[in-house]
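Please open the model in your viewer and keep the sequence panel beside it, so that each selection below can be made by residue number. The tour moves from one group of strands to the next, then into the interior, and ends among the charged side chains.

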Amino acid sequence: MRHTLCAICDTDQWDRPLYHEALGDGAFTSDRFSARRMPDRVHYRMVRCGDCGLVRSDPVLDEAELAQLYAASRLTYQHETGFAGETYAHYLGELLPLAPAKERLLEIGCGSGFFLERALDMGFAEVTGVEPSRDAVEAASPRVRDRIRIDSFRGWLFPESSFDIVCGFQVFDHLANPNEILAACRRILRPGGIILLIHHDAGAWTHRWLGERSPIIDVEHIYLYDRRTMARLLGKNGFEVKRVFPVRNRYPIYYWASMAPLPAGVKRWLIPKLRGAQLGRAPVAWHAGNLGIVGVPNW
Ligand SMILES: [Zn+2]
């Protein structure tokens, strides 16, 4: 295990304990690192930086071991990709007027490439994805399969000034080295290029209310950001923050039920029932506790 520091303050001296470790046996399996749609309250010890407020796990698994778990993780969310893609495409559409061009887009952690297809539909000339899970990439459609690199994202994978837009959806919470990744994003963006991130908002009322029972308190997550801490991290890495906004997610009722803090036995009974019923498959949209943030490098 590796000791972590606050990614904003680069120290642990203001740490305040938040939750005790709850790893148990078998915490580190590729199943648990497969974007589970049934969170089971397995998590590292968690702390909050008393200075900047950033929440993080500490200690965490070594980076090489994490990379292996993500490489072996399976695609478990085929049913929901249509809904997620629609949401991400909506927010991409909103920021297009800020983009220098609609030519080259990169998505970090693109899974099966469902959002890359949307970006092609929206008129992007060239889309590229990076995704460590071979299983996810094998499920990609032929339209984008060859545009996805099976790897963990590293800056040197791409030349400088390669992209107009770099996106990361539900990715940053999982990264052990967010400063390195943001520095790399800045380098591969063209002048005027844009970064668009969507991920959990640790400051959302849903997560504050649920506390340790929130689905975001999870062994997959290393840093948990809110509007303020994500803006500070972007600023630290040379980005000017253009927009921060709450994300409205649209998913079927059975999906929301799977994320709710219900006992596992209840979920095992309830979710298949909901999936089988018309009402359970009906989509519902609400601000469930995600944030979006848009930044541009300040050259
Ligand atoms: Zn801090």
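Begin by selecting residues 46–49 and 55–57, which are strands E2 and E3; they run antiparallel and are joined by 3 bridges. Within this pair, Arg 48 stands opposite Val 55 of E3. Keep in mind throughout that the model is a predicted one. Widening the selection brings in an open sheet of 4 strands, with antiparallel pairing and the order E1-E2-E3-E9. Its edges are strand E1 (15–19) and strand E9 (223–224), each of which pairs on one side only.

Next, display the open sheet of 7 strands, whose order is E6-E5-E4-E7-E8-E11-E10 and whose pairing is mixed. Strand E6 (148–150) and strand E10 (239–252) form the edges, each pairing on one side only. If you look along the sheet, neighbouring strands are turned against each other by 20° on average, direction ignored. Now select E10 with E11, an antiparallel pair joined by 12 bridges, and pick out Asn 249, whose bridge partner in E11 is Trp 286.

Two helices can then be added to this view. Helix H2 (residues 81–95) lies across E4, E7, E8, E10 and E11, and runs at about 150° to E10. H7 packs on the sheet as well, where it touches E8, E10 and E11, and its direction makes about 135° with that of E10.

For the interior, show side chains and select Leu 106, Phe 153 and Phe 172, the residues with the most contacts inside the largest nonpolar core, which has 47 residues. Several elements each supply at least two residues of this core, including helix H1 (63–71), strand E4 (104–108) and helix H5 (178–188); the largest share, 5 residues, comes from H5. Centre on Phe 172 and ask which residues it touches beyond four places away in sequence. They are Pro 178, Ile 181, Leu 182, Leu 197, His 199, Tyr 225 and Met 230. Another core, of 39 residues, lies apart from the largest one, and Phe 115, Ile 165, Val 247 and Ile 271 are among its members.

Move now to Ser 133, in the loop between strand E5 (126–131) and helix H4 (134–138). Is Ser 133 buried or exposed? Its relative accessibility is 1%, so Ser 133 counts as buried. Leaving aside residues up to four places away in sequence, Ser 133 touches Tyr 70, Ala 71 and Ser 73.

The cysteines come next. A search of the whole structure finds 0 disulfides, and Cys 167 has as its nearest cysteine sulfur that of Cys 185, 10 Å away. Cys 167 is buried, with a relative accessible area of 1%.

Finally, colour the charged side chains, among which the structure holds 10 salt bridges. Arg 143 forms one with Glu 117, the closest N and O atoms being 3.7 Å apart; this pair links distant parts of the chain, with Arg 143 in the loop between H4 and E6 and Glu 117 in helix H3 (residues 114–121). Arg 147 and Glu 126 meet in a salt bridge at 3.4 Å, N to O, and they lie 21 residues apart, Arg 147 in the loop between H4 and E6 and Glu 126 in strand E5. Arg 147 is partly exposed at 34% relative accessible area, as is Glu 126 at 36%. As a last selection, take Glu 103, Asp 164 and Arg 190, which are linked in a network of salt bridges.

Methods:
Residues numbered from 1 in each chain as written. Predicted model: local features only at pLDDT ≥ 70, side-chain atom pairs only at ≥ 80, totals over all residues. Heavy atoms only, no water. Core = buried A, V, L, I, M, F, W, Y, C linked by side-chain atoms within 4.5 Å. Buried < 20%, exposed > 50% of the residue type's maximum accessible area, 1.4 Å probe, protein only. Contact = heavy atoms within 4.5 Å. Pairing = 2+ DSSP bridges. Axes fitted to C-alpha atoms, helices over the stretch in contact; angles between N-to-C directions. Disulfide = S-S within 2.5 Å. Salt bridge = Lys/Arg side-chain N within 4 Å of Asp/Glu carboxyl O.
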